[in-house]
Amino acid sequence: MFFFLKEEIYIGFLIEELTKVRDILDQENIKYTIKVKYPSAQWAGPGTVRGNFGSFGMNSTYEKQYQVFVKKKDAEQAKYLVHRALHS
């Protein structure tokens, strides 16, 4: 499905949080899409950020960024469920 028909309901770096988000959406039968970004693998000048500067001192927790998208019609309910799952 096209991303302009979806809304982002979660963005984070922790796989544990992503698991909670996926679990609650699965329980409520809300379909979702996950996008994973690698910020250190982005191109910066002649190479990637990690390639230019190395990875020494980088916190591996922030190596991957997770984004979860749902259909716009499900977004409000999904945001509520995600907030409840992560902050209760």
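Is the crossing of helix 1 and helix 3 right-handed or left-handed? I will come to that pair after a short overview. Please keep in mind that this is a predicted model.

First, the layout. The protein chain holds three helices and five strands. Read from the N terminus, the order is β-α-β-β-β-α-β-α. The chain has 88 residues, and 25% of them are buried. Among contacts with a separation of 6 or more, 80% are between residues 24 or more positions apart.

Now the helix pair. Helix 1 covers residues 15-27 and helix 3 covers residues 75-86. Their axes come within 9 Å and cross at roughly 130°. Angles from 115 to 145 degrees fall in the oblique class, so helix 1 is oblique to helix 3. As for the opening question, the crossing of helix 1 and helix 3 is right-handed. On the helix 1 side, the contact is made by Glu17, Lys20, Val21, Ile24 and Leu25. Helix 3 contributes Ala78, Leu81, Val82, Arg84, Ala85 and Leu86. By type, the residues of this contact are eight nonpolar, three charged and no polar.

Next, strand 5, which spans residues 65-71 and includes Gln67. Is Gln67 buried or exposed? Its relative accessibility is 8%, and the cut-off for buried is under 20%, so Gln67 counts as buried. The side chain of Gln67 has a polar contact of 2.5 Å with the side chain of Glu8. Leaving out residues up to four places away in sequence, Gln67 touches Glu8, Tyr10, Ile11, Thr33, Ile34, Lys35 and Lys37.

Past strand 5, in the loop that leads to helix 3, sits Asp74. Asp74 has a relative accessible area of 15%, so this residue is buried too. Which side chain does the side chain of Asp74 make a polar contact with? The partner is Lys73, at 3.4 Å.

On the other side of strand 5, in the loop that comes from helix 2, residues 49-53, we have Glu63. Glu63 is partly exposed, at 33% relative accessibility. Glu63 and Tyr38 are 25 residues apart along the chain, while their C-alpha atoms are separated by 6.0 Å.

Strand 2, residues 32-37, contains Val36. Val36 has a relative accessible area of 34%, so Val36 is partly exposed. Which residues is Val36 in contact with, leaving aside its neighbours within four places in sequence? They are Lys64, Gln65 and Tyr66. Val36 is also 24 residues from Gly12 in sequence, with a C-alpha to C-alpha distance of 9.9 Å.

Last, a backbone detail. Most residues other than glycine have a negative phi. Asn29 has a positive phi, near 55°. Asn29 is in the loop between helix 1 and strand 2. With a relative accessible area of 67%, Asn29 is exposed.

To recap: helix 1 and helix 3 make a right-handed crossing, Gln67 in strand 5 has a polar contact with Glu8, and Asn29 has a positive phi.

How values were computed
Residues numbered from 1 in each chain as written. Predicted model: local features only at pLDDT ≥ 70, side-chain atom pairs only at ≥ 80, totals over all residues. Heavy atoms only, no water. Helix = DSSP H or I, 4+ residues; strand = E, 2+ residues; numbered from the N terminus. Buried < 20%, exposed > 50% of the residue type's maximum accessible area, 1.4 Å probe, protein only. Polar contact = N/O pair within 3.5 Å; in protein donor to acceptor, adjacent residues only side chain to side chain. Contact = heavy atoms within 4.5 Å. Axes fitted to C-alpha atoms, helices over the stretch in contact; angles between N-to-C directions. Parallel < 35°, antiparallel > 145°, perpendicular 65-115°, else oblique. Left-handed = near helix turned anticlockwise from the far one by under 90°. Nonpolar A, V, L, I, M, F, W, Y, C, P; charged D, E, K, R; others polar.
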